[in-house]
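Work through the exercises below with the sequence and the model side by side. Try each task before you read its solution.

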Amino acid sequence: MKNLTIKKLRTTPVAAADIPGLLDQEQMPFQVLNCVNWQAFPYRPQVRFRLAHTGKAFLLNFRVHEETLRARYGEDNGDVWKDSCVEFFLNPAGDKVYYNLECNCVGTLLIGAGSTRQGRMRAPTEITSRVDRWCSLGREPFEERPDTEGWEVALLIPVEAFFQHRISSLSGRQIRANFYKCGDELKTPHFVSWNPIHTPKPDFHQPEFFGNLELE
C-alpha cells in the first residue's frame, strides 16, 4: 500500500489556472501512475500527478501523454470515463462513503458518492460548478485524434465538493485514496492506477485498494 504526504500550502490560488505555476514554485514533485493491473489491457500511457491542499481545497494537477485522446462529453456528470480521463477517488471522512472525481481532458467533471459501485449519488450542478478547472487543450469537446503534445489539467477542489459530508478543514487528516487514468472507448482502452488493484477485471471502485494520504 503506497503512502504519500500531502503538503499544505500557505498561498491560496484564486483559480485552477494558477495551480501548475504555484506547484512549480513550491517544487512539488510529480507521482507516477504506473500500475497496469489487468493483462487484457496492457497499454500504459505516460501519466503523472501532484496534489497539495490549503485546508479548504485540494490542488490537483495531472500531466498525460497517450497515443490518442478524445473528449466527446462536454456536460458535467456525463460518461467522462469513456474519454481520455483522469480520476481521483478518496474517502475523506473515514467512514464507508468515498467520492469519485473523474475529469476528461477538456475539464468535464463527474462527481459521485457512495459506499459501493452500485447506487452512487451524483453531485448536483451547484456542487460540480464549484470545482474550478484549467485544461491545456481548452474546454471544447472533440472526437478522437492523435495526442501529439500531451495534455494537462488542474483542478481546484473545495471541501464543499464532498457533498455528503460537512468537512470544515482538510488539515491533519489521514485519508485513503487512489488516482487513475482510463479511456474506455479509445482506440487503445487502458486502465492504470497509482496504487495497485487486485481484481479479475478492471474496476476502480475498490476502496480496499486505496493508498494512504497524510495531509499536513
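**Exercise 1.** Place Asn-77 in the chain of this predicted model, then say whether Asn-77 is buried or exposed.

*Solution.*
Step 1. Find the loop between β6 (68-71) and β7; Asn-77 lies there.
Step 2. Check the backbone. Asn-77 has a positive phi, near 65°, and is not a glycine. Most residues other than glycine have a negative phi.
Step 3. Check accessibility. The value for Asn-77 is 18%, so Asn-77 counts as buried, the cut-off being under 20%.

**Exercise 2.** Do the task again for Gln-27: which loop holds Gln-27, and is Gln-27 buried or exposed?

*Solution.*
Step 1. The loop runs between α1 (19-25) and β2 (31-32).
Step 2. Gln-27 is not a glycine, yet its phi is positive, about 55°.
Step 3. Relative accessibility is 72%, so Gln-27 counts as exposed. The cut-off for exposed is over 50%.

**Exercise 3.** Find what the side chain of Thr-128 makes a polar contact with.

*Solution.*
Step 1. Go to helix α2 (residues 125-128), where Thr-128 sits.
Step 2. Note the burial: Thr-128 is buried at 1% relative accessibility.
Step 3. List the contacts beyond four places in sequence. They are Asp-76, Asn-77, Leu-109, Ile-111, Ala-123 and Arg-133. Asn-77, from the first exercise, is among them.
Step 4. Pick out the polar contact. The side chains of Thr-128 and Asp-76 are joined at 3.2 Å.

**Exercise 4.** Describe the surroundings of Glu-152.

*Solution.*
Step 1. Locate Glu-152 in strand β13 (residues 151-158).
Step 2. Read its relative accessible area: 13%, so Glu-152 is buried.
Step 3. Leave out residues up to four places away in sequence. Glu-152 then touches Pro-20, Asn-61, Phe-62, Arg-63, Trp-134, Cys-135 and Ser-136.
Step 4. Look at Arg-63. Its side chain makes a polar contact with the side chain of Glu-152, at 3.0 Å.

**Exercise 5.** Which backbone atom does the side chain of Asn-178 reach?

*Solution.*
Step 1. Find Asn-178 in strand β14 (residues 174-182).
Step 2. Asn-178 is buried, with a relative accessible area of 0%.
Step 3. Scan its contacts beyond four places in sequence. These include Glu-87, Phe-88, Phe-89, Trp-194, Asn-195 and Phe-209.
Step 4. The atom is the backbone nitrogen of Asn-195, at 2.8 Å.

**Exercise 6.** Map the nonpolar cores.

*Solution.*
Step 1. Start with the largest core, which has 45 residues. Phe-58, Phe-88, Ile-157, Phe-179 and Leu-213 touch the most other members.
Step 2. Zoom in on Ile-157. Beyond four places in sequence, its contacts include Phe-58, Leu-60, Phe-88, Leu-101, Val-131 and Phe-162. Lys-56 and Ala-57 are also among them.
Step 3. Turn to the second, separate core. It has 13 residues, including Cys-85, Leu-110, Tyr-180 and Phe-209.

**Exercise 7.** Characterise the largest pocket.

*Solution.*
Step 1. Its volume is about 380 Å³.
Step 2. Of the 18 lining residues, Trp-81, Phe-89, Glu-102, Arg-117 and His-205 are the closest to its centre.
Step 3. Trace the strands. β7 (85-91), β8 (98-104) and β9 (109-114) each supply at least two lining residues.
Step 4. Sort the lining by type. The split is 8 nonpolar, 3 polar and 7 charged.

Conventions
Residues are numbered from 1 along each chain as its sequence is written. This is a predicted model: local features need pLDDT of at least 70, side-chain atom pairs count only at pLDDT 80 or more; totals for chains, interfaces and linings use all residues. Side-chain values use heavy atoms; hydrogens and water are left out. On a 1 Å grid over the protein atoms alone, a cavity is a set of points where a 1.4 Å probe fits but cannot get out, and a pocket is an open set with protein on both sides within 12 Å along at least five of seven lines; lining residues have an atom within 4 Å of a point. Grid points are joined across faces, edges and corners, and a volume is the space filled by probe spheres set on the points. Helices (H or I, at least four residues) and strands (E, at least two) are DSSP runs, numbered from the N terminus. Ala, Val, Leu, Ile, Met, Phe, Trp, Tyr, Cys and Pro count as nonpolar, Asp, Glu, Lys and Arg as charged, and the others, Gly among them, as polar. A nonpolar core is a set of buried Ala, Val, Leu, Ile, Met, Phe, Trp, Tyr and Cys residues joined through side-chain atoms within 4.5 Å. Buried means under 20% relative accessible area, exposed over 50%, partly exposed in between (1.4 Å probe, protein chains only). Contact means heavy atoms within 4.5 Å. A polar contact is a pair of N or O atoms within 3.5 Å; within protein, one must be able to donate a hydrogen and the other to accept it, and residues adjacent in sequence count only if both atoms are side-chain atoms.
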